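I wanted a quick tour of this protein before going back to the bench. Here is what I looked up, entry by entry.

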Amino acid sequence: MTELNLILLGPPGAGKGTQAERLVEDFGLPYIATGNLLRQAVRDETELGLKAKEYMDRGDLVPDDLIIAMILEFLESQDTTNGFILDGFPRTERQAEALDEELEKRGRSLTTALLIEADKDTVVERLSGRRVCVKGQHNFHMTFDPPKHPERCDVDGSRLVQRDDDKPEVIQNRLEQYQQKTEPLIEYYERKSILRRIDGSREADKVSDQIRATLASLKFEEQV
Ligand SMILES: [Zn+2]
């Protein structure tokens with residue numbers, strides 16, 4: 001396999017961000033977090049960014065083809081000889097089809113869709129344990145990285161709070177939304193035989209080991 005063109009999928013709290021960082025380190029691939037890409041383009045007032053801003057100012061969703069154009073523009077500005085990592089897009093089957101078409105026009109295709117999974121209890125424990133201080137945004141975790149005092153920041157002594165997004169009832173809702181939206185996308189990549197499931201409920205090192213082994217076996221399959 002000459003290219004690793006990867007898509008990252010997974011529910012909030014499955015550790016997708018951590019694994020994305022490690023993939024970037026391990027493989028030196030350009031990493032595209034679509035949300036950041038969009039914000040950056042708007043901030044830099046690029047041609048596509050200005051177009052996107054028109055939609056956003058009207059309170060409309062930025063159309064798929066505009067997002068895909070941004071992704072392609074970014075890819076063309078980077079060295080993607082060895083591949084790339086795409087995170088946050090596509091989110092629907094329609095977007096996935098459109099992306100495939102555009103890649104195909106450029107003689108490329110996705111190599112693998114990595115689905116980092118974790119069961120509901122794990123995700124709720126990870127997310128609901130997070131605390132942030134009201135002052136300097138220092139992060140803690142009540143189980144995995146507890147502060148010395150349960151309600152105070154170790155660094156500046158300010159109060160620790162839980163983000164609204166991390167409240168159990170909100171997490172439940174985020175997970176349901178994720179599942180509804182992503183299920184058809186997972187099936188789409190399964191049909192294309194490029195979906196690989198990764199057990200994200202284990203500790204981060206074990207998860208990266210599984211990802212490395214999965215990608216290595218893909219290279220092996222191609223050589224045979
Ligand atoms: Zn603090």
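My notes below go through the cores, the zinc site, one helix, a buried serine and some salt bridges.

**Entry 1: the cores.** I reminded myself that this is a predicted model. I started with the largest nonpolar core, which has 34 residues. The residues with the most contacts inside this core are Ile7, Leu9, Ile71, Leu99, Leu110 and Tyr189. Next I asked which elements give two or more residues to this core. They are the strands β1, β3 and β4 together with the helices α2, α3, α4, α5 and α7. α4 gives the most, with 7 residues. Another core, of 21 residues, lies apart from it, and Leu6, Ala118, Leu175 and Val207 are among its members.

I then clicked on Leu110 to see what it touches beyond its neighbours within four places in sequence. Its contacts are Asn5, Ile7, Phe84, Leu99, Asp100, Leu103, Tyr189 and Ile194.

**Entry 2: the zinc site.** Which residues hold donors for the zinc ion? I found Cys133 (SG), His138 (ND1), Cys153 (SG) and Asp156, the last one listed with two OD donors. The donors lie 2.1 to 2.8 Å from the zinc ion. In sequence, the donor residues follow the spacing C-x4-H-x14-C-x2-D. I also looked up accessibility for two of them: Cys153 is buried at 4%, while Asp156 is partly exposed at 26%.

**Entry 3: helix α3.** I listed the buried residues of α3 and got Leu48, Gly49 and Ala52. Seen down the helix axis they fall within an arc of 95°, so they line one face of α3. These buried residues pack against α2 and α4. On the face turned away from the buried side I found the exposed residues Glu47 and Asp57. Just after α3, Gly59 has a positive phi of about 80°.

Asp57 came up again when I checked charges, since it forms a salt bridge with Lys53, with the closest N and O atoms 2.9 Å apart. The two are 4 residues apart in α3, so about one helical turn separates them. Lys53 is partly exposed at 35%, and Asp57 is exposed at 55%.

**Entry 4: Ser208.** Is Ser208 buried or exposed? It counts as buried because its relative accessibility is 4%, under the 20% cut-off. I placed Ser208 in helix α8, residues 204–223. A polar atom of its side chain lies 2.8 Å from the backbone oxygen of Ala204. Not counting residues up to four places away in sequence, Ser208 touches Gln19 and Arg22.

In the same helix I noted the salt bridge between Asp209 and Arg212, closest N and O atoms 3.1 Å apart. They sit 3 residues apart in α8, about one helical turn. Asp209 is partly exposed at 45%, and Arg212 is partly exposed at 37%.

**Entry 5: salt bridges again.** How many salt bridges are there? The count comes to 20. One of them pairs Glu76 with Arg106, the closest N and O atoms being 3.2 Å apart. Glu76 is in α4 and Arg106 is in the loop between α5 and β4, so the pair ties together parts that are 30 residues apart in sequence. Glu76 is exposed at 58%, whereas Arg106 is partly exposed at 39%. Salt bridges with shared partners join Glu76, Glu102, Lys105 and Arg106 into one network.

How values were computed:
Residues are numbered from 1 along each chain as its sequence is written. This is a predicted model: local features need pLDDT of at least 70, side-chain atom pairs count only at pLDDT 80 or more; totals for chains, interfaces and linings use all residues. Side-chain values use heavy atoms; hydrogens and water are left out. A nonpolar core is a set of buried Ala, Val, Leu, Ile, Met, Phe, Trp, Tyr and Cys residues joined through side-chain atoms within 4.5 Å. Buried means under 20% relative accessible area, exposed over 50%, partly exposed in between (1.4 Å probe, protein chains only). Contact means heavy atoms within 4.5 Å. A polar contact is a pair of N or O atoms within 3.5 Å; within protein, one must be able to donate a hydrogen and the other to accept it, and residues adjacent in sequence count only if both atoms are side-chain atoms. Donors are N, O and S atoms within 2.8 Å of the metal (3.2 Å for Na, K and Ca); water is not among the atoms, so sites may look incomplete. The arc is that of the directions from the helix axis to the C-beta atoms. A salt bridge is a side-chain nitrogen of Lys or Arg within 4 Å of a carboxyl oxygen of Asp or Glu.
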